[in-house]
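Visitor: Could you take one part of this structure and show me closely how it sits among its surroundings? I am new to this one, so please explain the terms as you go.

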Amino acid sequence: MKASMLPPFEKACLRWVAQGKTLAEIALLEGKSISEIQLYLERALVSLEAKSIAEALWKANLSESD
């Protein structure tokens, strides 16, 4: 799956991670629980066929400094 086809919230979570936010910070910013954020990130990994968050960020054309 291409990164552009990721559901919006999964992509948003990856963008927050790329900006250096923690799961707790993302949950607070998005009004979700930490477990929900973890689930969205896990779904992004599966969708992108990535084995790590770093690989998912690379495949989504994001970097940890974006």
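Guide: Let's look closely at helix H1, in what is a predicted model. Helix H1 (residues 8-18) packs with helix H2 (residues 23-30) at an angle of about 130 degrees, and their axes are 10 Å apart. That angle makes H1 oblique to H2 (under 35 degrees counts as roughly parallel, over 145 as roughly antiparallel, 65 to 115 as roughly perpendicular, and the rest as oblique). Axes here are lines fitted to C-alpha atoms, for helices over the stretch in contact, with angles from 0 to 180 degrees between N-to-C directions. Helices are DSSP runs of H or I with at least four residues, strands are E runs of at least two, and both are numbered from the N terminus.

A word on reading the numbers: residues are counted from 1 along each chain as its sequence is written, and side-chain values use heavy atoms, without hydrogens or water. Because the model is predicted, local features need pLDDT of at least 70 and side-chain atom pairs count only at pLDDT 80 or more, while totals for chains, interfaces and linings use all residues.

For the wider setting, the protein has 4 helices and 0 strands, in the order α-α-α-α along the sequence. Of its 66 residues, 35% count as buried (under 20% relative accessible area, with exposed being over 50% and partly exposed in between, using a 1.4 Å probe and protein chains only).

Back to H1 and its partner H2. On the H1 side, Phe-9, Cys-13, Trp-16 and Val-17 meet Ile-26, Leu-29 and Glu-30 of H2, where contact means heavy atoms within 4.5 Å. By class, the residues of this H1 and H2 contact are 6 nonpolar, no polar and 1 charged (Ala, Val, Leu, Ile, Met, Phe, Trp, Tyr, Cys and Pro count as nonpolar, Asp, Glu, Lys and Arg as charged, and the others, Gly among them, as polar). Just after H1 comes Gly-20, with a positive phi near 90 degrees.

H1 also meets H3. Their axes come within 9 Å and cross at roughly 100 degrees. That makes H1 roughly perpendicular to H3. H1 brings Phe-9, Glu-10, Cys-13, Leu-14 and Val-17 to this contact, and H3 brings Ile-37, Tyr-40, Leu-41, Arg-43, Ala-44, Ser-47 and Leu-48. Sorted by class, the contact of H1 with H3 has 9 nonpolar, 1 polar and 2 charged residues.

Which residues of H1 are buried? They are Phe-9, Glu-10, Ala-12, Cys-13, Leu-14, Val-17 and Ala-18, and the buried residues of H1 pack against H2, H3 and H4. An α-helix has 3.6 residues a turn, so residues three or four places apart point the same way.

Two residues of H1 deserve a visit of their own. Cys-13, found in H1, is buried, with a relative accessible area of 0%. Setting aside neighbours within four places in sequence, Cys-13 is in contact with Ile-26, Ile-37, Tyr-40 and Leu-41. Its C-alpha atom is separated by 9.0 Å from that of Glu-30, 17 residues apart along the chain. With the same neighbours left out, Leu-14 touches Leu-6, Leu-41, Ala-44, Leu-48, Ala-56, Leu-57, Ala-60 and Leu-62.

From the other side, Leu-41 sits in helix H3 and is buried, with a relative accessible area of 7%. Beyond residues up to four places away in sequence, Leu-41 touches Cys-13, Leu-14, Val-17, Leu-23 and Ile-53. The C-alpha atoms of Leu-41 and Val-17, 24 residues apart along the chain, are separated by 9.4 Å.

Now for the core. In the largest nonpolar core, which has 19 residues, Cys-13, Leu-14, Ile-37 and Leu-48 touch the most other members. H1, H2, helix H3 (34-48) and helix H4 (53-59) are the elements that give two or more residues to this core, and H3 supplies the largest share, 6 residues. Such a core is a set of buried Ala, Val, Leu, Ile, Met, Phe, Trp, Tyr and Cys residues joined through side-chain atoms within 4.5 Å.
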